[in-house]
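Please work through the exercises below with the sequence and the coordinates open, and try each task before reading its solution.

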Amino acid sequence: HSAGIIGAPFSKGQVKGGVESGPDHIRAAGLVERLLQQGCAVKDYGNLVFEHVSVDEPVGRLKSVRAVGSANQKLSVAMQKVKESGHTAVMLGGDHSLAIGSVHGHAAALGHLSVVWVDAHADINTPLTSYTGNIHGQPLSYLLRELQSKIPVLPNFSWMKPCLSAGDLVYIGLRDVDPAEHYILKMLGVKMFPMSKVDQLGVAKVMEETCDHLSARGKKPIHLSFDIDAIDPSITPATGTPVTGGLTYREGLCITEHLSQTGLLSAVDLVEVNPLRGQTQNDIHSTVSTAVDLLLACFGRQREG
Ligand SMILES: CN[C@](CCCC[B-](O)(O)O)(CCN1CCCCC1)C(=O)O
Ligand SMILES: [Mn+2]
Ligand SMILES: [Mn+2]
């Protein structure tokens, strides 16, 4: 295993301050040292510097479009470099709008890929269906080829092109999906394992069916985009949009251990850790250490030793 870590201290895909300090909290909890201890090579590329965008008037309801566009352009270039250096990429967020640049850069380097999106939310609102205008609820609409007719021309987004097909996307953990998002998911026939399915099948069967679905599509490199709010807020409360009824700590490890064992894991996003949303130090510690443990499992750590 070899990890190439990129810190993306960015928060403009949503409106709650604090998520930009996610990368530093995850590093401070010992991510690099723990990866090295388990025999993983590590290259830490540090944090990207996102310059302030002074004038960024809303476009329709969309907030901070220009900032989100330029941040993701920079991230896409950085991701591509990390992949071309042969590492498994680790993108530490920052909010989930960063998946635009992370997936785009990954696809630019490798051509084709599949995405496993672990999240309480579908993050597939289009600019026109979003209630909030927060772009962290929309990244997949910019990435999916099938939705391009729904995306208007946006400032600072001309650098990107859609790079993902709906058949190569699998969701795990959904439990707070907007009506328009649900319509889109059904229309596109996207493979999804909402929490109801996780309860019904159990996480081992969910992972088996996830991998069967991806294998049938040709065993492409896997991009795991893990939103920490997929885990139950009793474990990871320090996040911007907590939703009760989430994955247990153990289910989170089952998911990441299983994907690690496929040998196809090529990039991991770990996003939406927001220390300011924790009520106590313990809230923050529980959230950040769970994020670290999930990442260690992505790089081969096994609970049996
Ligand atoms: C479900 N969609 C939301 C949340 C997006 C969360 C982004 B993530 O990165 O954390 O997954 C919420 C929209 N609801 C807000 C409250 C009223 C009903 C709509 C949105 O803002 O689009
Ligand atoms: Mn979420
Ligand atoms: Mn998300």
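The exercises that follow concern a predicted model, and each task is followed by a worked solution.

**Exercise 1.** Determine where Ser11 is placed and whether Ser11 counts as buried or exposed.

*Solution.* The first step is to place the residue, and Ser11 is found in the loop that links strand E1 (2-7) to helix H1 (22-28). The next step is to compare its accessibility with the cut-off, under which a residue is buried below 20% relative accessible area; Ser11 has 15% relative accessibility and therefore counts as buried. The last step is to list its partners, and when residues up to four places away in sequence are left out, Ser11 touches Val19, Glu20 and Asp95.

**Exercise 2.** Carry out the corresponding analysis for Gly218, giving its loop and its exposure class.

*Solution.* Gly218 lies in the loop between helix H8 (203-216) and strand E7 (222-227). Because its relative accessibility is 45%, Gly218 counts as partly exposed. A distance can then be added: the C-alpha atoms of Gly218 and Asp168 are separated by 9.5 Å, while these residues are 50 residues apart along the chain.

**Exercise 3.** Describe helix H9 by its span, its buried residues and the residue that follows.

*Solution.* H9 has 14 residues, and the distance from its first C-alpha to its last is 21 Å, which is close to the 20 Å expected at 1.5 Å a residue. Its buried residues are Glu251, Gly252, Leu253, Ile255, Thr256, Glu257, Leu259 and Ser260. After H9 comes Gly263, which has a positive phi near 75°.

**Exercise 4.** Classify the relative orientation of H9 and H10, and identify the residues through which these helices meet.

*Solution.* Helix H9 (residues 249-262) packs with helix H10 (residues 281-298) at an angle of about 25°, their axes being 7 Å apart. Angles under 35 degrees count as roughly parallel, and H9 and H10 are therefore roughly parallel to each other; the crossing of H9 past H10 is right-handed. On the H9 side, Tyr249, Gly252, Leu253, Thr256, Glu257 and Ser260 take part, and they meet Thr290, Asp293, Leu294, Ala297 and Cys298 of H10. Sorted by class, this contact of H9 with H10 has five nonpolar, four polar and two charged residues.

**Exercise 5.** Give the packing geometry of H3 and H4, and the classes of the residues in their contact.

*Solution.* Helix H3 (residues 65-84) and helix H4 (residues 99-110) have axes 7 Å apart and pack at an angle of about 35°, and H3 passes H4 in a right-handed crossing. The residues of the contact of H3 with H4 comprise eight nonpolar, eight polar and two charged.

Conventions:
Residues are numbered from 1 along each chain as its sequence is written. Chains are lettered from A and ligands numbered from 1 in the order in which they are written. This is a predicted model: local features need pLDDT of at least 70, side-chain atom pairs count only at pLDDT 80 or more; totals for chains, interfaces and linings use all residues. Side-chain values use heavy atoms; hydrogens and water are left out. Helices (H or I, at least four residues) and strands (E, at least two) are DSSP runs, numbered from the N terminus. Buried means under 20% relative accessible area, exposed over 50%, partly exposed in between (1.4 Å probe, protein chains only). Contact means heavy atoms within 4.5 Å. Axes are lines fitted to C-alpha atoms, for helices over the stretch in contact, and angles run from 0 to 180 degrees between N-to-C directions. Angles under 35 degrees count as roughly parallel, over 145 as roughly antiparallel, 65 to 115 as roughly perpendicular and the rest as oblique. A crossing is left-handed if the near helix is turned anticlockwise from the far one by less than a right angle, and right-handed if clockwise. Ala, Val, Leu, Ile, Met, Phe, Trp, Tyr, Cys and Pro count as nonpolar, Asp, Glu, Lys and Arg as charged, and the others, Gly among them, as polar. The expected span of a helix is 1.5 Å times one less than its number of residues.
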